[in-house]
Amino acid sequence: MQISNSKALLLVVAILDAVNAHTTFTNFFVDQAPIGDGTCVRMSHDIPKATWPIRPINSQDMACGVNGDKGVARICPAKSGSELTFNFRDWPDGSQPGSLDKSHMGPCSVYMKKVENAAADNNAAGAGWFKIFEEDYDNSTAQWCTSKIMANDGKLSVKLPTDLAGGYYLVRPELLALHEADKNPADPQFYVGCAQVFLQSSGSSVPKDTVSIPGHVNMQHPAMTFHVWNTPKQLSFPQFGPPTYQGGSSKRAIDTRATQLEQTMGLKPANCIMENDNWCGLTLPGYSDENGCWASSQNCWDQSKTCYDSAGPVGSKNCKNWESYCDSIKNACGSGNFNGPLSAKSFMPLVPARLSTSGLSFQSAPKTESEQASSTQPKAETVPVTTSNGDNSVKGGSVNTCGSNGGSKCASGYCCSSHGYCGKNDDYCGAGCQSAFGKCSGSSKHKRAHIIGRPHAHILAGKA
């Protein structure tokens, strides 16, 4: 039995500081149908920092995130008018619940960009981005857009325009957390990612109001220093970027020859029998003798290695299923069963559930001027913090930082949340509460490390 040492054998990544574990776009649904974790999604290759915000905001990473200039193998189809649901997670592999800390209040939006090939590299940053959705503070629910996403288990749903030209697009959800925007220097925190989509559409429109990303906002824009802790709330959030595309109005016609009706790139291989992220396990070569059996077994293990080596922030859980399948092939060869390959059916991972159609989309009509003028923000809790020298300080209206987010202790009676903010309810005192920096409910400990994948060794087939 041979152990491969061609690459690090452990895909166990600990994200120990909860303050560093903010959120990231991990997967999406098309008309409530799951696409799969990481599939057709551009994500950071730096797993420990995959949930970090984009800094600075003029970075090329503002387009599709860190490593967002690198395309992935798969492109997922969606019809014009389809509902896309973007899923954000605090733990990218979904091993623990949560999407974003309660303190991370702010607006969200969704952008699109038409490209020649959504799986190609170096096509994210630059001109051509248009906005199809935006929401900031909703007076009717007294919630920021990010707060709605948290309440909706990290999910944001939007409808694709119905008149866009068919073809390849990058679709970019954007969250902006403004809880540190009042600091000096201001720290607006953007969380972005991109889905690679082929739009099945007979439309022929391209929005005329497009922007370059980076460049759709800068630090001089008042939105970047908007004080979400002010009471009463400042009137009307200063929106940025282009106006939201309204199908049938703000558009220009294009040559119909530029409209693609059939996807030819980024397709799921016909002989793909198992998936993890953007990796596909392919049907093994058939065999009827011993040499063919061992060759097919080796092929299986080679694919297993590729699966583990290519696994990103969403983890390698389905690689384990493939590895078990490879074990069965190896065992069959060792026992003299030289007819195959064996079926992978019993090793298939569970199929992700479809989403319910209720409560997914919270797109709302644009606010009227009178609604904006009457907008008020619920009063933020003023929380005293005990600093390292023992003094108490109060930062006007702001939920103060503690523990892994600054090292301070909260004042008596307050809890230090998993993300390092002081407060009194379950969001602060429950799971992940940092007991060394304040009180905690029950026996809550420090938030556990994110475990991406699992310890494993690639066992290459060989005759024992």
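Residues 24 or more positions apart account for 74% of the contacts in the protein chain with a separation of 6 or more, where contact means heavy atoms within 4.5 Å. This is a predicted model, in which local features need pLDDT of at least 70 and side-chain atom pairs count only at pLDDT 80 or more, while totals for chains, interfaces and linings use all residues. Residues are numbered from 1 along each chain as its sequence is written, and side-chain values use heavy atoms, with hydrogens and water left out. The protein chain has 5 helices and 25 strands; helices (H or I, at least four residues) and strands (E, at least two) are DSSP runs, numbered from the N terminus. Of its 464 residues, 53% count as buried, meaning under 20% relative accessible area, with exposed set at over 50% and partly exposed in between (1.4 Å probe, protein chains only).

**Strand β6 and its partners**

- Strand β6 covers residues 83-89, and 7 of its 7 residues are buried.
- Glu83, Thr85, Asn87 and Arg89 point one way from β6, whereas Leu84, Phe86 and Phe88 point the other way.
- Both groups of β6 side chains are buried, the charged Glu83 and Arg89 included.
- β6 pairs with strand β2 (residues 24-30) in the antiparallel sense over 6 bridges; two strands pair if DSSP finds at least two bridges between them.
- In the pairing with β2, Phe88 of β6 has Phe25 opposite.
- β6 also pairs in the antiparallel sense with strand β11 (residues 155-159), over 5 bridges.
- Here Thr85 stands opposite Ser157 in β11.

**Nonpolar cores**

- The largest nonpolar core has 36 residues; such a core is a set of buried Ala, Val, Leu, Ile, Met, Phe, Trp, Tyr and Cys residues joined through side-chain atoms within 4.5 Å.
- Phe28, Phe86, Val110, Met112, Ile132, Tyr169 and Val171 have the most contacts inside this core.
- β12 gives the most to the core, with 4 residues.
- Leaving aside neighbours within four places in sequence, Met112 is in contact with Gly128, Trp129, Phe130, Ile132, Leu160, Pro161, Leu164, Tyr169, Leu170 and Val171.
- Another core, of 33 residues, lies apart from the largest one and includes Tyr111, Ala181, Trp229 and Phe237.

**Salt bridges**

- Side chains of opposite charge can pair when their charged atoms come close.
- The count comes to 13 salt bridges, each being a side-chain nitrogen of Lys or Arg within 4 Å of a carboxyl oxygen of Asp or Glu.
- Asp187 forms a salt bridge with Arg55, with the closest N and O atoms 2.9 Å apart.
- Asp187 lies in the loop between β12 (167-177) and β13 (189-192) and Arg55 in the loop between β4 (41-42) and β5 (76-79), so the pair ties together parts that are 132 residues apart in sequence.
- Arg55 counts as partly exposed, at 45% relative accessibility.
- Lys131 forms a salt bridge with Glu134, the closest N and O atoms being 2.6 Å apart.
- Lys131 is buried at 1% relative accessibility, while Glu134 is partly exposed at 24%.
- In the salt bridge of Lys155 with Asp153, the closest N and O atoms are 3.2 Å apart.
- Lys155 is buried at 10% relative accessibility, whereas Asp153 is exposed at 53%.
- Salt bridges that share partners join Asp37, Arg89 and Lys317 into one network.

**Helix α3**

- Helix α3 (residues 317-334) has 18 residues and reaches 26 Å from its first C-alpha to its last.
- That reach is close to the expected 26 Å, the expected span being 1.5 Å times one less than the number of residues.
- Buried residues of α3 include Trp322, Tyr325, Cys326, Ile329 and Cys333.
- Polar and charged residues are also among the buried ones in α3, including Asn318, Glu323 and Lys330.
- The cover over the buried residues of α3 includes β18 (272-276), β19 (279-282) and α2 (290-310).
- Gly336, just after α3, takes a positive phi of about 90°.

**His227**

- His227 lies in the loop between β16 (211-213) and β17 (252-253) and is buried at 17% relative accessibility.
- The His227 side chain reaches the backbone nitrogen of Trp229 at 3.2 Å.
- The backbone nitrogen of Asn230 is reached by the His227 side chain at 3.3 Å.

Note on methods:
A polar contact is a pair of N or O atoms within 3.5 Å; within protein, one must be able to donate a hydrogen and the other to accept it, and residues adjacent in sequence count only if both atoms are side-chain atoms.
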